[in-house]
Amino acid sequence: MNHVSELAINYLQRYGCHIDEDYKTFLREACKIHPPPHGMAWYGNFYRQRARKAEWFANSLIANAAEEGNGSRKVWHFSRCISEPEYAELVRSHSIDESRHSKMFVALVNILFPTQLETDFWVQLQDLSPDYYHHKHPTTEPPLVSDRSQARSLDNSSSGHLILDTEKVMDEIIKINLLEIRALILQLLLRPVLQAYATPENLAKVTTMSDVFIYDETKHIEYSAYCIGKYTQQGNQEWVREMMIFRQQSVNEMFLTDVELENSVGTTILSTPNTVQGNLE
Ligand SMILES: [Fe+2]
Ligand SMILES: [Fe+2]
């Protein structure tokens, strides 16, 4: 039994999420065959050791703000390529949450390191979030074939628009699911560090923000697991099982490469931009 799959399933249960039994079986098997490094003790120790340095920690919060913003834009683009309305709506909500997370990370920098931010840089940080809301967001229309450069993995076009076929949508959703489990684990690592940097005056506020992050990441695991479970029930058990094992392996490999390059230590998603890091140095 792997710690990461059990932790994810426990959080889903804690928040009362109904989860497909096949999904749980496949997740457990994928994590047993390819144990996720982000759930291992060495990574937690590695992260905590670096996070002791305030400058490193402040930069990692900014890197997270940038990654959540980029993730939000990418997830929105993906939502436009899904023909199934229910799935597209779930993915759009996910994108809006990540847009909010980007702002929350910037707010955390301001709360925990208030004197380090100059006004211009503060404005720059606000722009890391695409600023998506349920009432204000970009088009939901499928991208045109001419947008192919932005839609690398898309190859199915109909009436001049790029629409993903069902297998590609499910592959993306499986990747999202496994990456959201990683995001949950990293939020759990982040929580005590945030609390350690908080003052008695802002401890409650910082803790509430951590609660929101953890809840949202669990809900992202839930909706993607729901889509995976539904596809499984349509007679695709073996395909889903194999794809979850395969994608867990690729998520692990990307993570280890990024950690080796010190690219993603402490970020809730897979890579960090070079553009904003260093501004607090
Ligand atoms: Fe997030
Ligand atoms: Fe997320």
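**Entry 1: Ser102 and what surrounds it**

I began with the contacts of Ser102 and found that, once residues up to four places away in sequence are left out, Ser102 touches Ala65, Glu68, Gly69, Ser72, Leu128 and Ser129. I noted at once that I am reading a predicted model. I then looked up the place of Ser102 in the chain, which is in helix α5. Is Ser102 buried or exposed? I counted 27 C-beta neighbours inside 10 Å, and because 20 or more is the mark of a buried residue, Ser102 counts as buried. One of its contacts I followed further: Glu68 is 34 residues from Ser102 in sequence, yet the two C-alpha atoms are 5.0 Å apart in space.

**Entry 2: Tyr11, a partner far along the chain**

Next I turned to Tyr11, which lies in helix α1. Tyr11 has 22 other C-beta atoms within 10 Å and is therefore buried. Setting aside its neighbours within four places in sequence, I found Tyr11 in contact with Leu184 and Thr218. I also looked up Tyr11 together with Glu222, and wrote down a separation of 211 residues in sequence against 9.8 Å in space, taken from C-alpha to C-alpha.

**Entry 3: the chain as a whole**

After these two residues I wanted the wider picture, and I recorded 8 helices and 2 strands for the chain. Read from the N terminus, the order of the elements is α-α-α-α-α-α-β-β-α-α. The chain has 281 residues, of which 40% are buried. What share of the contacts with a separation of 6 or more comes from residues 24 or more positions apart? I found that such residues account for 75% of those contacts.

**Entry 4: the largest nonpolar core**

I then went to the largest nonpolar core, which holds 64 residues, and noted that Ala8, Leu61, Ile62, Ala65, Val109, Cys227 and Ile228 touch the most other members. The helices α1 (3–14), α2 (21–33), α4 (54–80), α5 (85–112), α7 (166–197) and α8 (203–260) each supply at least two residues of this core. Which helix gives the most? I found that α7 does, with 15 residues. From the list of core residues I picked Leu61 to follow, and, leaving aside neighbours within four places in sequence, I saw that Leu61 is in contact with Phe105, Leu108 and Val109.

**Entry 5: α5 against α8**

I next looked at how α5 and α8 pack, and I noted an angle of about 160 degrees, with the axes 11 Å apart. Because angles over 145 degrees count as roughly antiparallel, I wrote that α5 and α8 are roughly antiparallel to each other. The crossing in which α5 passes α8 is left-handed. On the α5 side the contact is made by Tyr87, Leu90, His94, Asp97, His101, Met104, Leu108 and Ile111, and on the α8 side by Lys205, Val206, Met209, Phe213, Asp216, His220, Tyr223 and Cys227. I sorted the residues of this contact by kind, and they divide into 10 nonpolar, 3 polar and 3 charged.

**Entry 6: Asp131, a positive phi**

Last, I looked up Asp131, where phi is near 65 degrees, a positive value in a residue other than glycine. Where in the chain is Asp131? I found Asp131 in the loop between α6 (119–126) and β1 (157–158). With 16 C-beta neighbours inside 10 Å, Asp131 counts as partly exposed.

Note on methods
Residues numbered from 1 in each chain as written. Chains lettered and ligands numbered in written order. Predicted model: local features only at pLDDT ≥ 70, side-chain atom pairs only at ≥ 80, totals over all residues. Helix = DSSP H or I, 4+ residues; strand = E, 2+ residues; numbered from the N terminus. Buried ≥ 20, exposed ≤ 12 C-beta atoms within 10 Å, placed from the backbone. Core = buried A, V, L, I, M, F, W, Y, C linked by C-beta atoms within 7 Å. Contact = placed C-beta atoms within 7 Å. Axes fitted to C-alpha atoms, helices over the stretch in contact; angles between N-to-C directions. Parallel < 35°, antiparallel > 145°, perpendicular 65-115°, else oblique. Left-handed = near helix turned anticlockwise from the far one by under 90°. Nonpolar A, V, L, I, M, F, W, Y, C, P; charged D, E, K, R; others polar.
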